[in-house]
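Biologist: Could you take me through the inside of this one, with a close look at the nonpolar core? I'd like some context on the whole chain too.

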Amino acid sequence: MNVLVIGGGGREHALAWKLAQSPKVQMVYLAPGNGGTALDDRLKNLPMTDMVALRDWALEHKIGLTVVGPEGPLAAGVVDDFRAHGLRVFGPTKAAAQLESSKAFSKSFMQRHGIPTAHFAVFSDAAAAHAHLETTGAPIVVKADGLAAGKGVVVASTLDEAHAAVDFMLADGAFGNALAGGEARVVIEEFLQGEEASFIVMCDGKNVLPLATSQDHKRLQDGDAGPNTGGMGAYSPAPIVTPDVHARAMREVILPTIRGMEKDGIPFTGFLYAGLMIDAHGKVKTLEFNCRMGDPETQPIMARLKTDLLEVLWAATEPAGATGLADMELQWDRRTALGVVLAAHGYPQTPRAGDAIEGIPKEAEDLVVFHAGTRLRDGVLETSGGRVLCVTALADSVRLAQARAYETVHQIQFDGMQFRSDIGFRAVKA
């Protein structure tokens, strides 16, 4: 069959790359795709971003399955629209995607259903938010309520930083949440100590299938210094997620979320990503939910997945009453996968586009370079976004996967290239 992947980042490249390996797949289309997917004979780009036009195209071309990568189309209701027209699609509905598209909704949901998370308060009035900060002190976390393309969270170590974040998020309405009538709101929550991990599962509305564990590196610079980014690298599996922590995450976070959504009349289908904070005693609290695969976690997770992804997604999108994911099991490569993000000059604030990229090696059994912010222009591959590439390597240990990935990183060149040299450092120290 023909499959459609909506999106054009590194996550979508990795999903399409894995789907194309299925013997049941004839062609994987990406809308809009990127420079790397344009160079792969197994994949085909569609220069389309209008979701109605894309739906009509999918109907006309008898697309067997659609997978939605990014949060924007999910929050806009692309799954509802595709389903209403009889198309098979994997992802959450607009109502279910509020777990990500509204942090206020998400926090209230967690509170209502007893899911462990940080203490919080929601404000639309700047004066009230500032007054609250004075009573809580710092460190403190300030989050924009709606989708903010990775720029909506400030971990403030001082009150001055926290006050500035409130002003930035509430002042000009740039972060107004359409789900709240366009009103800008902030969620102010306690700062949690511990180590973060990404816990991602697949859901069919009732059943849950956990993916391999992973850990992202959010800060721009080595040693977790510098500003927050969309993610500068990731590896899988994550040693911090011990069998006990895994069981606790499923029992205390994932299953209550799926049951709670079902109870609230908005069953969750799609990828559910719980950002967890794990303390020194192995207790977990939920930092956030995403309604999609993480990026760059998808790249190492897909590199390790041995099961046919199409078969799993097909089971997850079976009609109500079918067994769905209940009988599915995932097989994983026993090796560690580690991905290093190469970012553009000026990222994350003002990434520069148009720099020529050279030196990307051919795909190998233990190495694949996934594209994100790239484009082909007049036959030249060049940068087109903040995070440009994710160099992903497989090896028998984190240290060996690190060595393989960085050996490749040093072969690739584009002006202003930024990357961290310590991806996986926590696992190496452990």
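Modeller: Sure, and keep in mind that this is a predicted model. Let's start with charge: the protein chain carries 40 positive and 51 negative side chains, and the centres of those two sets sit 3 Å apart. As for the outside, the accessible surface is about 17200 Å², with 51% of that belonging to carbon and sulfur atoms.

Now inward. Buried residues make up 56% of the 430 in the chain. In soluble globular proteins, nonpolar side chains tend to be buried together. Here, the largest nonpolar core has 35 residues, and the ones touching the most other members are Leu 19, Val 28, Met 202, Leu 211, Phe 271, Met 302 and Leu 313. Helix H12, residues 309-316, gives the most to this core, with six residues.

Met 202 is a good place to zoom in. Leaving out residues up to four places away in sequence, Met 202 touches Phe 90, Asn 207, Val 208, Leu 209, Leu 211, Gly 270, Phe 271, Val 312, Leu 313 and Leu 325. Apart from the largest core there's another one, of 29 residues, including Leu 99, Ala 249, Leu 276 and Phe 289.

Stepping back, the chain is built from 14 helices and 22 strands. Of its contacts with a separation of 6 or more, 69% are between residues 24 or more positions apart. The C-alpha trace spans about 60 × 50 × 45 Å along its principal axes. The radius of gyration is 21 Å, which agrees with a compact globule, because one with 430 residues would come out near 22 Å.

Technical notes
Residues numbered from 1 in each chain as written. Predicted model: local features only at pLDDT ≥ 70, side-chain atom pairs only at ≥ 80, totals over all residues. Heavy atoms only, no water. Helix = DSSP H or I, 4+ residues; strand = E, 2+ residues; numbered from the N terminus. Rg over C-alpha atoms; globule rule 2.2 N^0.38 Å. Buried < 20%, exposed > 50% of the residue type's maximum accessible area, 1.4 Å probe, protein only. Contact = heavy atoms within 4.5 Å. Areas by Shrake-Rupley, 256 points an atom, 1.4 Å probe, with all protein chains shown as cover. Lys, Arg positive; Asp, Glu negative; His and termini not counted. Charge placed at Lys NZ, Arg CZ, Asp CG, Glu CD. Core = buried A, V, L, I, M, F, W, Y, C linked by side-chain atoms within 4.5 Å.
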